[in-house]
Amino acid sequence: MIVVYHKNNRISKVISVDKSEISFDKNKSIAFGLLQLAEQFPESKLVWCHVDYQEVLNVEELNFIMHHNKMMLSYNPSSSNYLGPKIGYVEESLFIRVNKNVTYPTWQMSSLVGCVHASILRATKETIKRDSSFDYYLNSIAKVCKPQGLLCYSEPRLLKKHFLVSSPKASVFTLFRFIKQHYKKRWIVMMFLNLIIYERQFPLGAFLYAYFFKNRKKNTTDLDAIKVNSSLKVIVNPTMDVIIPTIGRKDHLYDVLKDLAQQTHLPINVIIVEQNPKVNSVSELDYIHNEIWPFVIKHTFTHQAGACNARNLAMSQVESEWVFFSDDDIRFGSDLIENVVKGIEQYGVLCLTTTCLQVNEHKHNLHIHQSSIFGSGYSFLKADLLKEVSFDKCLEFGYGEDTDFGLQLRNLGVDVISFPEISILHLKASIGGFRIKPTFAWSKEEIQPKPSPTIMYVKLKYNCKEQIGRYRTTLFFKYHKHQNIKNPISYLIYFNKQWQKSIFWANELRK
């Protein structure tokens with residue numbers, strides 16, 4: 001382990017794990033010095049730390065915190081990051097509004113304190129320029145490499161004690177440059193437009209300045225040669241329970257049970273919550289009792305429809321160390337659970353999500369990566385966490401319950417890692433014959449809310465105001481061509497009324 005201490009955008013000293021000092025070029029940038037050290041010590045973890053944090057750097061636990069080589073960690077105790085909240089005008093993902101109290105997934109890195117393996121810097125030396133701004137360099141590496149499999153986190157455990165130290169903040173020129181180099185071109189225009197709409201700013205100079213820079217994401221950075229073997233032991237007993245909410249899909253559920261029965265790593269319990277809102281209805285799942293299964297089937301029948309309620313009922317019955325959230329219309333190979341257990345051990349994760357595609361759908365990202373979603377029909381989770389999370393019944397029959405559940409996990413410090421090579425087929429079966437269309441409190445409104453109040457509910461709960469502004473702008477353009485109102489002024493007035501209706505009902509849900 002090599003520790004680089006810096007101040008005023010220059011390295012002040014470099015110390016190895018045995019406390020001996022290492023020589024460095026005082027006239028070069030921090031990024032240059034760090035890459036030089038990566039070449040000199042290719043098997044080392046490289047730590048950077050502002051000199052004001054030298055006494056509280058948590059060196060003793062760094063190897064435990066950074067438990068494999070394909071990670072990049074940093075921390076800034078301030079509520080504001082280098083690029084500031086305005087980056088939310090171009091990115092709506094969960095990686096923008098960072099919870100500084102827990103280990104939180106984000107590509108937003110800080111120069112104050114952090115850690116990365118030398119192999120990551122060496123892999124990026126031809127694709128990421130060694131910027132004079134160390135913060136820009138770190139953010140660029142994380143933004144480019146996160147989709148390629150680099151796991152990036154805000155990590156408060158890097159410091160033993162938290163206090164604020166002055167840190168660089170990107171100017172509006174730097175912000176536009178970053179967007180040009182790391183997003184599609186249209187987002188420069190959207191940023192410019194959103195700053196006019198929501199900030200009453202007109203940064204024409206920064207807008208034009210950005211076009212002098214090339215996009216860095218077009219240059220492929222290959223991290224596949226960097227192997228992952230986590231030192232964390234997250235599995236004590238690899239037992240697995242499966243929870244399946246079902247309604248009106250008797251035949252499809254039977255196929256799921258047959259696939260589970262063929263597993264090379266068998267589940268212990270399969271917990272089925274069957275719903276049928278019809279009065280006096282009874283279970284149709286006769287094969288639960290008529291056939292012999294190599295696992296215990298816990299079957300609950302309820303007249304209360306709703307996947308949120310059903311999953312919460314099932315979660316309360318989990319007994320094993322791990323739980324598989326399954327849909328009732330999926331198919332998978334006999335080695336699914338076995339491969340999941342191997343992936344969990346390899347990466348030391350508490351939540352793993354698979355690829356779940358329909359017929360003729362194709363994977364978009366072939367790298368194991370930090371997922372922006374949680375799929376409640378194809379994900380695996382450490383069962384202890386079920387005591388602290390649940391599916392929000394405010395979102396029953398609406399949209400957003402998976403997003404909300406996943407964000408509950410991230411705000412506990414649990415990341416969701418996607419393993420694209422572990423695949424599940426989603427049949428997308430037609431709904432059961434006795435399903436009913438739900439009636440919401442806003443269903444009879446003359447002006448229907450847009451977006452759905454359940455979606456707005458989740459956005460108000462987790463997104464910053466800049467991200468909500470971004471969503472509002474893109475939603476306006478997205479739906480304009482589908483409206484009968486072709487006059488843009490008339491449509492804007494109508495759209496604003498729909499938006500306000502959505503906020504009203506979302507706040508009602510929050511009550």
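1. Lys19 is found in the loop that connects strand 2 to helix 1 (30-40). In this predicted model, phi of Lys19 is near 75°, a positive value in a residue other than glycine. Lys19 is exposed, since its relative accessible area of 69% lies over the 50% cut-off.

2. A second loop residue with a positive phi is Asn9, placed between strand 1 (2-7) and strand 2 (10-16). Phi of Asn9 is near 65°, and Asn9 is likewise a residue other than glycine. Its relative accessibility of 33% makes Asn9 partly exposed, a class that runs between 20% and 50%.

3. Ser44 belongs to the loop between helix 1 and strand 3 (45-50). Is Ser44 buried or exposed? Ser44 counts as buried, because its relative accessibility is 14% and the cut-off for burial is under 20%. Leaving aside residues up to four places away in sequence, Ser44 touches Met1, Ile2, Val116, His117 and Ala118.

4. The peptide bond that joins Lys450 to Pro451 deserves inspection in the viewer: the bond is cis, with omega near 5°. Pro451 sits in the loop between strand 16 (417-426) and helix 13 (453-462).

5. Helix 11 covers residues 336-347. Its 12 residues, at 1.5 Å a residue, should span 16 Å, and the end C-alpha atoms are 17 Å apart, which agrees. The expected figure is obtained by multiplying 1.5 Å by one less than the number of residues.

6. Which residues of helix 11 are buried? They are Leu336, Ile337, Val340, Val341, Gly343, Ile344 and Tyr347. Viewed down the axis of helix 11, these buried residues fall within an arc of 160°, so they line one face of the helix. Just after helix 11 comes Gly348, which takes a positive phi of about 65°.

7. The next point concerns enclosed space. Rolling a probe the size of a water molecule over the atoms shows where empty space is left. A search of the whole structure finds one cavity of 30 Å³ or more. The largest cavity has a volume of about 50 Å³.

8. The lining of the largest cavity is formed by Ser74, Tyr75, Asn76, Asn81, Val98, Lys100, Thr106, Gln108, Met109, Ser110 and Ser154. By residue class, the lining of the largest cavity comprises three nonpolar, seven polar and one charged.

9. Open space is considered next. The second largest pocket holds about 870 Å³. How many residues line the second largest pocket, and which lie nearest its centre? The lining has 31 residues, and those nearest the centre are His364, Asn365, His369, Gln370 and Ser372.

10. Several elements contribute to the lining of the second largest pocket: helix 6 (186-199), strand 13 (351-357), strand 14 (369-370) and strand 16 each supply at least two residues. Strand 13 gives the most, with five residues. The lining of the second largest pocket divides into 10 nonpolar, 14 polar and seven charged residues. Two elements named earlier recur here or close by: strand 16 supplies residues to the lining of the second largest pocket, and strand 16 also precedes the loop that holds Pro451.

Technical notes. Residues numbered from 1 in each chain as written. Predicted model: local features only at pLDDT ≥ 70, side-chain atom pairs only at ≥ 80, totals over all residues. Heavy atoms only, no water. Helix = DSSP H or I, 4+ residues; strand = E, 2+ residues; numbered from the N terminus. Buried < 20%, exposed > 50% of the residue type's maximum accessible area, 1.4 Å probe, protein only. Contact = heavy atoms within 4.5 Å. 1 Å grid on protein atoms, 1.4 Å probe; cavity = no way out; pocket = protein on both sides within 12 Å on 5 of 7 lines; lining within 4 Å. Points joined across faces, edges and corners; volume = space filled by probe spheres on them. Nonpolar A, V, L, I, M, F, W, Y, C, P; charged D, E, K, R; others polar. Arc of directions from axis to C-beta.
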